[in-house]
Every structure is written in structure tokens, then in C-alpha cells.
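Subject: Structure for you to look at

Hi,

Here is the structure I promised to send. Please open it next to this email; my notes follow below.

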Amino acid sequence: SSGINAEWPLRPGKQVEKRLDYYTRAQRLVEIPLMKEEWEKSQEDDKIWWEEKEATRIEMAIKKREHDISTRKRLLRMKDDKDEFVSSILSQKEMQHQEEVNRFEEELLRVREERKDAKKMEILKQLTEKRKKYRLPLCVDTT
């Protein structure tokens, strides 16, 4: 009898545990198919969502490509006008540069001539002073 008393506190717990285990298993048996069905529906919804997104992305890519092609055609039509415009600007700049170079060269020649004349005058002045100092005849060609 002492053995019965010793197992008695464990026994109701085991029965409760068994019942709980039975209900949990039963609940899982009912829930597993529901969860599987929910997961499959979720997968199907995700697939539909992905296909819609892909279709939208492809449509946008096609529209962008068409826009890029039309832009390219428009730019190609403009290329001749651009080349002509750039060519005219470059030739205009070249003419301006050449005019500046010509003005510079003219100014350079003028300054050289002035310096040359000034040098001639200096030499003539020095020779005149030497002649006066030593009383020599003037024999300088000024042409």
C-alpha cells in the first residue's frame, strides 16, 4: 500500500500529460493540413505578385528602350547641324586668332623698325659727337 501512495502524486500528472499530449497531437493533425494549405496559398499569391512585378518591369524596360531609340534617332538628325555649328564656331575662332596674330606681327615689325631707327639715330649721334670731338668728316649712309 505504501507503493500506491508513493505513485499517487505522479499518476494524475501523467494522465493529464497524456491527455494534453493527445489533444496537442489531435490539434496538430487538424492544423497541419490547414497550415500547409495556407502556405500553398501564400506561395501562389507570391507567385502572382512576382509575375505582376516582372510584367511591369518588362513593360517599363520596353518603353525605356523605345524612348532611347527615338532619342537616338533625334540626336542623329541633330548631329549634322551640330557638326556644322561647331565647324563654323571653330573657323570663326581661327579667323579671330589669325587676326590677332597678324596684329601682333604688325606691331612687332613696327616696334622693331622704331628700335632700328632709334639705334641708327643713336649711332649717328655718337658719330657726330666723335666727329666734333676729333673733327672728322661725316661719312655715314643713312638709307
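A salt bridge here means a side-chain nitrogen of Lys or Arg within 4 Å of a carboxyl oxygen of Asp or Glu. Please keep in mind that this is a predicted model.

D45 and K41 fit that rule. Their side chains meet in a salt bridge, with 3.3 Å from N to O. Why can these two reach each other? They are 4 residues apart in helix α2, so about one helical turn separates them. D45 is partly exposed, at 39% relative accessible area. K41 reaches 53% and counts as exposed, because the cut-off for exposed is over 50%.

By this rule, the count comes to 8 salt bridges. Two others are worth a look.

R57 pairs with E54. The closest N and O atoms are 2.9 Å apart. Both residues lie in helix α2, with a spacing of 3 residues, about one turn of the helix. R57 has a relative accessible area of 47%, so it is partly exposed. E54 is partly exposed too, at 22%.

K64 pairs with D68. Here the closest N and O atoms are 3.1 Å apart. The two are 4 residues apart in helix α2, which puts about one helical turn between them. K64 counts as exposed, at 52% relative accessibility. D68, at 33%, counts as partly exposed. Further along, K79, K82 and D83 are joined into one network by salt bridges that share partners.

In general, side chains of opposite charge can pair when their charged atoms come close.

Now the nonpolar side. Which residues form a nonpolar patch on the surface? They are F85, V86, I89 and L90, and together they have about 360 Å² of accessible area. I89 lies in helix α2, which covers residues 10-134. With 31% relative accessibility, I89 counts as partly exposed. That value still passes the patch cut-off, because patch residues need over 30% relative accessible area.

Last, the overall picture. The protein has 2 helices and 0 strands. How much of the protein is buried? Buried residues make up 1% of its 143 residues. The protein exposes about 14,500 Å², and carbon and sulfur atoms supply 57% of that area.

To find your way around, start at D45 and K41, which share a salt bridge. Then go to R57 and E54, on to K64 and D68, and finish at the patch with F85, V86, I89 and L90.

Best wishes

How values were computed: Residues numbered from 1 in each chain as written. Predicted model: local features only at pLDDT ≥ 70, side-chain atom pairs only at ≥ 80, totals over all residues. Heavy atoms only, no water. Patch = residues over 30% accessible without salt bridge, like charges linked within 9 Å, V, L, I, M, F, W, Y side chains within 5 Å. Areas by Shrake-Rupley, 256 points an atom, 1.4 Å probe, with all protein chains shown as cover. Buried < 20%, exposed > 50% of the residue type's maximum accessible area, 1.4 Å probe, protein only.
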